[in-house]
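Let's take a walk through this structure together, one feature at a time. Have the sequence and the 3D view ready.

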Amino acid sequence: MLKVGIVGTGGISQSHLTGWAAVPEAKLAAACDIRAEQVDPVGEKYGCRVYYDLDEMLKGEELDVLDICLPTYLHADAAVKAIGRGINVLTEKPVSLRRADVRRVYGAAREKSVRVMVAQVLRFWPEYERLKEAADSGEYGRLLSGSMTRLGNTPKWSWDDWMKDPERSGLVPFDLHIHDLDFMIYAFGTPESVACSRAGNERQDYLNVIYQYPGFFINAEAAWYDCDYAFTAGYRFQFEKAVMEFKAGTLTIYHQDGRVETCAQEEDAAENGINLPRSNAYYNEIRYFADCVLAGKDCDRVRPEELEAVLDTIEKL
């Protein structure tokens, strides 16, 4: 049985807690947050011990896994601290705003022979997995173009307003757009060139990027708008023989021969909090990570060199 501790019980932690609860080989042993009002209800709901300081939790528990759902700028230091105690680490994305922290975290994991994985959830999202499968197999012919969208409103719920601080969150490129960019690099490799346009002010941030690949390009946009703009995310990819569109939770494939194939959202898809779309992708990534830990195998689905390529590319925006 994997004894799991989670640090950071706001925002995205809801999807992680739900995911771990569905893994029969794991048990949530402890939860930590500096805010009692955030972590106490987790202790009550999951029957786990509660801490208000990470060092105290690491000293007081014999954990197999630490799941890090802290603000971005705290990920790497918390990961290295846990790894130093021989604890396997799953951390929310990105591991850091700095490229050097990828090697620092993964290097520490190699020294201690533990598993570490950055939770880049689109790699485990069924509709995005289907897109990669189509591109890899060539079933619809050559890829010609792509469009990826991830739009929402400026976060007003983050602790200490850290998400609005570029030094701590990196704003839209690191918090929002990184999902689509990470998937691109995972599925298609590093782009040949990057052309970015960006607009905004202290209250909002928008970017539009064209990524050029050999024989095709991908246009991506991401935004925090200063208004009550409902979160939306999806894609549209043009192949020689079909167009794949993921929109409003439904994947539709428009075939060259006139057929229209609709792939409905998973019927048992879980709620994920902070206005995120329903999906079992969060469980899928946690299940994969747990399997790697149980088998003593590296989490090759998310490779450190790809994470470095993502951070190198963001520097060009």
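A good place to start is Tyr-282, which has a relative accessibility of 5% and so counts as buried, since the cut-off for that label is under 20%. Please keep in mind as we go that this is a predicted model. Tyr-282 has an aromatic partner, Trp-125: the two ring centres are 5.9 Å apart and the planes meet at 75 degrees, so this pair is edge-to-face. Trp-125 is buried as well, with a relative accessible area of 6%. Now look at where the two residues sit. Trp-125 belongs to the loop between strand E6 (116–119) and H6, while Tyr-282 is in helix H9 (residues 281–295), so their pairing ties together parts that are 157 residues apart in sequence.

From that loop, let's move to the sheet. Here 8 strands form an open sheet with mixed pairing, and their order is E8-E9-E10-E7-E11-E12-E13-E14. At the edges you will find strand E8 (193–201) and strand E14 (260–263); each has a single partner strand, so one side of each is left without a neighbour in the sheet. From one strand to the next, the twist averages 10 degrees.

Within the sheet, strand E7 (residues 143–153) pairs with strand E11 (residues 232–239) in the antiparallel sense, over 8 bridges. You can pick out one of the partners easily: Thr-149 is bridged to Gly-234 in E11. Helix H6 (residues 126–137) packs on the sheet and touches E7, E11, strand E12 (242–247) and strand E13 (250–255), with its direction at about 15 degrees to that of E11. Helix H8 (residues 171–188) lies across E7, E8, strand E9 (204–213), strand E10 (216–225) and E11, and runs at about 160 degrees to E10.

Back to the aromatic rings, then. The structure holds 17 aromatic pairs. What is the geometry of the pair that Tyr-213 and Phe-216 form? Their rings are stacked, with 4.9 Å from centre to centre and 5 degrees between the planes. Tyr-213 is buried at a relative accessible area of 2%, and Phe-216 also counts as buried, at 11%. Both belong to one aromatic cluster, whose other members are Tyr-128, Phe-183, Tyr-186, Phe-188, Tyr-235, Phe-237 and Phe-246.

Finally, look for charges over rings. Lys-132 lies over the face of Tyr-186, a member of that cluster, at 5.1 Å from the ring centre. Arg-301 lies over the face of Tyr-288, at 5.9 Å from the ring centre.

Key. Residues numbered from 1 in each chain as written. Predicted model: local features only at pLDDT ≥ 70, side-chain atom pairs only at ≥ 80, totals over all residues. Heavy atoms only, no water. Pairing = 2+ DSSP bridges. Helix = DSSP H or I, 4+ residues; strand = E, 2+ residues; numbered from the N terminus. Axes fitted to C-alpha atoms, helices over the stretch in contact; angles between N-to-C directions. Contact = heavy atoms within 4.5 Å. Phe/Tyr/Trp six-rings, centres within 6.5 Å; stacked < 30°, edge-to-face > 60°. Buried < 20%, exposed > 50% of the residue type's maximum accessible area, 1.4 Å probe, protein only. Lys NZ or Arg CZ within 6 Å of the ring centre and 35° of its normal.
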